[in-house]
Amino acid sequence: MDYQAILAVPFGRLGIRCTDEVLLGIEFLPANTRAQAPRSALANEVCAQLEAYLADADSRFDLPLQLNGTKHQRKVWQAMQAIPRGQTQTYGELAVRLGSSARAIGQACGKNPIPIVIPCHRVVGRAGLGGFMHRADNAALDIKRWLLAHERR
């Protein structure tokens, strides 16, 4: 995968994909992935805003996004952006609000191309964390736990 930057973060690395005009994606990469300096002005701005968020969870993102997804996915991603920092909503709560099902909400969360900026980590299960990145393994859930704890500080 060709990234315009690879940012070292406390829970591994983030691969940044963007054009000169829009952020296309953020991907979680293994901690042993080599960091890569930003290759463009927008990649530099994405990294700066991510670093600001990691230093202070109250920092706000203001980035041009290109969200390629179904109408339902885009509706879910928009709803996730409205969840305040330090708070969570369950898949079921979002489903009721959007006239969907909890499973469909979970699928849209897993397809989120721009995690952290679009905070899918704030969507949790009724009786636990739920999944993260279409996974429920410890590595994925450790990232979700880190992000939630960071926002509650």
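**Exercise 1. Find the residue of strand 2 that stands opposite Ala-5, and then work out how strand 1 and strand 2 are joined.**

Step 1. In this predicted model, the residue of strand 2 that stands opposite Ala-5 is Ile-16.

Step 2. Further along the pair, Ala-8 has Arg-13 of strand 2 as its bridge partner, and Val-9 stands opposite Gly-12, also in strand 2.

Step 3. Strand 1 and strand 2, the latter covering residues 12-18, run antiparallel and are joined by five bridges. The connection between strand 1 and strand 2 is a hairpin that passes through two residues.

**Exercise 2. Describe the sheet to which these strands belong, and state which strands stand at its edges.**

Step 1. The sheet is open and consists of three strands in the order 1-2-3, with antiparallel pairing. Strand 1 (5-9) and strand 3 (23-29) stand at the edges, and because each has a single partner strand, one side of each is left without a neighbour in the sheet. Neighbouring strands of this sheet are turned against each other by 25° on average, with direction ignored.

Step 2. On the other side of the hairpin pair, strand 2 and strand 3 are linked by six bridges in the antiparallel sense, with Leu-14 standing opposite Phe-28 in strand 3. Strand 2 and strand 3 also form a hairpin, here with four residues between them.

Step 3. Burial can then be considered strand by strand. Four of the five residues of strand 1 are buried, so strand 1 is largely enclosed by the rest of the structure. In strand 2, six of the seven residues are buried, so strand 2 too is largely enclosed by the rest of the structure.

**Exercise 3. Determine how helix 1 and helix 5 are placed relative to each other, and which residues make them meet.**

Step 1. Two packed helices are described by the angle between their axes and the distance between the axes. For helix 1 (residues 41-55) and helix 5 (residues 138-152), the axes come within 9 Å and cross at roughly 65°.

Step 2. Angles of 65 to 115 degrees count as roughly perpendicular, and helix 1 and helix 5 are therefore roughly perpendicular to each other.

Step 3. From helix 1, Tyr-53, Leu-54 and Ala-55 meet Trp-146, Leu-147, His-150 and Glu-151 of helix 5. The residues of this contact between helix 1 and helix 5 divide into five nonpolar, one polar and one charged.

Step 4. Helix 5 itself has 15 residues, and its reach of 21 Å from first to last C-alpha is close to the 21 Å expected at 1.5 Å a residue. Its buried residues are Ala-140, Leu-141, Ile-143, Lys-144, Leu-147, Leu-148, His-150 and Glu-151, and what covers the buried residues of helix 5 includes strand 3, helix 1, helix 3 (91-98) and strand 5 (123-124).

**Exercise 4. Carry out the corresponding analysis for helix 3 and helix 4.**

Step 1. The axes of helix 3 and helix 4 (residues 102-110) come within 8 Å and cross at roughly 105°. Helix 3 and helix 4 are therefore roughly perpendicular to each other.

Step 2. Helix 3 contributes Tyr-91, Gly-92, Leu-94, Ala-95 and Leu-98 to the contact, while helix 4 contributes Ala-102, Ile-105, Gly-106 and Cys-109. The residues of the contact of helix 3 with helix 4 comprise seven nonpolar, two polar and no charged.

**Exercise 5. Decide whether Gln-73 is buried or exposed, and describe its surroundings.**

Step 1. Gln-73 is found in helix 2, which covers residues 71-81.

Step 2. Buried means under 20% relative accessible area, and Gln-73, at 16% relative accessibility, therefore counts as buried.

Step 3. When its neighbours within four places in sequence are left aside, Gln-73 is in contact with Ala-108 and Lys-111. The C-alpha atoms of Gln-73 and Ala-55 are separated by 29 Å, these two residues being 18 residues apart along the chain.

**Exercise 6. State what phi value Ile-116 has, and where this residue lies.**

Step 1. Most residues other than glycine have a negative phi. Phi of Ile-116, however, is near 75°, a positive value in a residue other than glycine.

Step 2. Ile-116 lies in the loop between helix 4 and strand 5, and with a relative accessible area of 3% Ile-116 is buried.

Methods: Residues numbered from 1 in each chain as written. Predicted model: local features only at pLDDT ≥ 70, side-chain atom pairs only at ≥ 80, totals over all residues. Heavy atoms only, no water. Pairing = 2+ DSSP bridges. Axes fitted to C-alpha atoms, helices over the stretch in contact; angles between N-to-C directions. Parallel < 35°, antiparallel > 145°, perpendicular 65-115°, else oblique. Contact = heavy atoms within 4.5 Å. Nonpolar A, V, L, I, M, F, W, Y, C, P; charged D, E, K, R; others polar. Expected span 1.5 Å × (residues − 1). Buried < 20%, exposed > 50% of the residue type's maximum accessible area, 1.4 Å probe, protein only.
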